[in-house]
Amino acid sequence: MCQTCLSWYARCVAPYLVHAGCSAGAFARMRGRVIPRAKGIVVEVGFGSGLNLPYYDPAKVEWLIGVDPDGTMLGLAGPRSRALPFRVECLRASGESLPLADGLADTVVVTYAFCTIPDPEAALGEIRRILKPTGQLIFIEHGQAEGKWCRRWQQRLNGLWGRLAGGCHLNRDPLGLIRAAGFSLTEQQHGRFPLPFWQLGSHHAGIAAPFTG
């Protein structure tokens, strides 16, 4: 595919495919388990089309700042954002360079984004910077499969999948990335994807706290 076609696909097709895929039941059920735990000033990195919005608890959230580099995705999130009873602000920016003050957030939420962010280590460094010392990182991610057969196919499909699915990597290790960035995993949940999403490998959710020592 030519570069012009790839650019058009990334702008006009991929955001809608990602939105549709991430609306599936397996994703929604995992969102419902952990997103209501967000509280205070919340920064969502990889805000996308706002699929987490129905799961935030209005009694706990003071202000939600959604950050995403994709203008098309943020446009899809607009109507949902305006319908909520708490303050929502959308920022077009990358996870690797968050335009936010140090120690701003009580909660940072990242769902199905560490697979797509080009430099997840840098993004996690930024997340640590903007979190309060007592803050929490809520995450939901897919990553390396446990089985060798599936892991081999993830490696083979990774390049093509990334071009079709907005830069998503099938073979990252989200839990390892979070730990290496100076977070301790205080809660973990693990699930399996249904057969149509076998290529996504392991399904993880949980809460992490920044090391303060």
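Which side chains meet in a salt bridge at 2.9 Å, N to O? Select Asp106 and Lys132 and you have the pair. Keep in mind as you click around that this is a predicted model. Asp106 belongs to strand β4 and Lys132 to strand β5, so this bridge ties together parts that are 26 residues apart in sequence. Color Lys132 as partly exposed, because its relative accessibility is 25%.

**Stop two: more salt bridges**

The count of salt bridges comes to 5. Pick Arg37 and Glu187 next: their side chains meet at 2.7 Å, N to O. This pair links distant parts of the chain, 150 residues apart, with Arg37 in the loop between α3 (25-34) and β1 and Glu187 in strand β6. Are these two buried or exposed? Arg37 is partly exposed, because its relative accessible area is 34%, and Glu187 is partly exposed too, at 33%.

Now hop to Arg87 and Glu89, whose side chains form a salt bridge at 3.8 Å, N to O. Glu89 has a relative accessibility of 28%, so it counts as partly exposed. Then select Asp102, Glu126 and Arg129 together, since you'll want to see them as a group: salt bridges link these three in a network.

**Stop three: helix α5**

Glu126 is a handy way into helix α5, residues 120-130, where it is one of the buried residues. Add the others to your selection: Pro120, Ala123, Leu124, Ile127 and Ile130. Look down the helix axis and the buried residues cover an arc of only 160°, which means they sit on the same side of α5. What do they pack against? Show β1 (40-45), β4 (105-111), β5 (131-143), α7 (174-180) and β6, and you have the packing partners.

**Stop four: the nonpolar cores**

From α5, move into the largest nonpolar core, which has 30 residues. Try Val43, Val108, Ile127, Leu137 and Ile178 as sticks; these touch the most other members. Elements that each supply at least two residues are β1, β2 (61-68), β4, α5, β5, α7 and β6. The largest share, 4 residues, comes from α5. As background, nonpolar side chains in soluble globular proteins tend to be buried together.

Center the view on Leu137. Which residues does Leu137 touch, leaving aside those up to four places away in sequence? Turn on Val108, Val110, Leu124, Ile127 and Leu131, then Ile178, Phe183, Gly206, Ile207 and Ala208. There is also a second, separate core of 25 residues; to find it, select Val42, Leu170, Leu200 and Ile207, which are among its members.

**Stop five: an unusual backbone angle**

Go to Tyr112, in the loop between β4 and α5. Check its phi: the value is near 50°, positive in a residue other than glycine. For comparison, most residues other than glycine have a negative phi. Tyr112 is buried, because its relative accessible area is 9%, below the 20% cut-off.

**Last stop: out to the surface**

Finally, switch on the surface and select Trp149, Trp153, Leu195 and Trp198. These four make a nonpolar surface patch of about 470 Å². Leu195 is found in the loop between β6 (183-192) and β7 (202-210). Its relative accessibility is 70%, so Leu195 counts as exposed.

Terms used:
Residues numbered from 1 in each chain as written. Predicted model: local features only at pLDDT ≥ 70, side-chain atom pairs only at ≥ 80, totals over all residues. Heavy atoms only, no water. Patch = residues over 30% accessible without salt bridge, like charges linked within 9 Å, V, L, I, M, F, W, Y side chains within 5 Å. Areas by Shrake-Rupley, 256 points an atom, 1.4 Å probe, with all protein chains shown as cover. Buried < 20%, exposed > 50% of the residue type's maximum accessible area, 1.4 Å probe, protein only. Arc of directions from axis to C-beta. Contact = heavy atoms within 4.5 Å. Core = buried A, V, L, I, M, F, W, Y, C linked by side-chain atoms within 4.5 Å.
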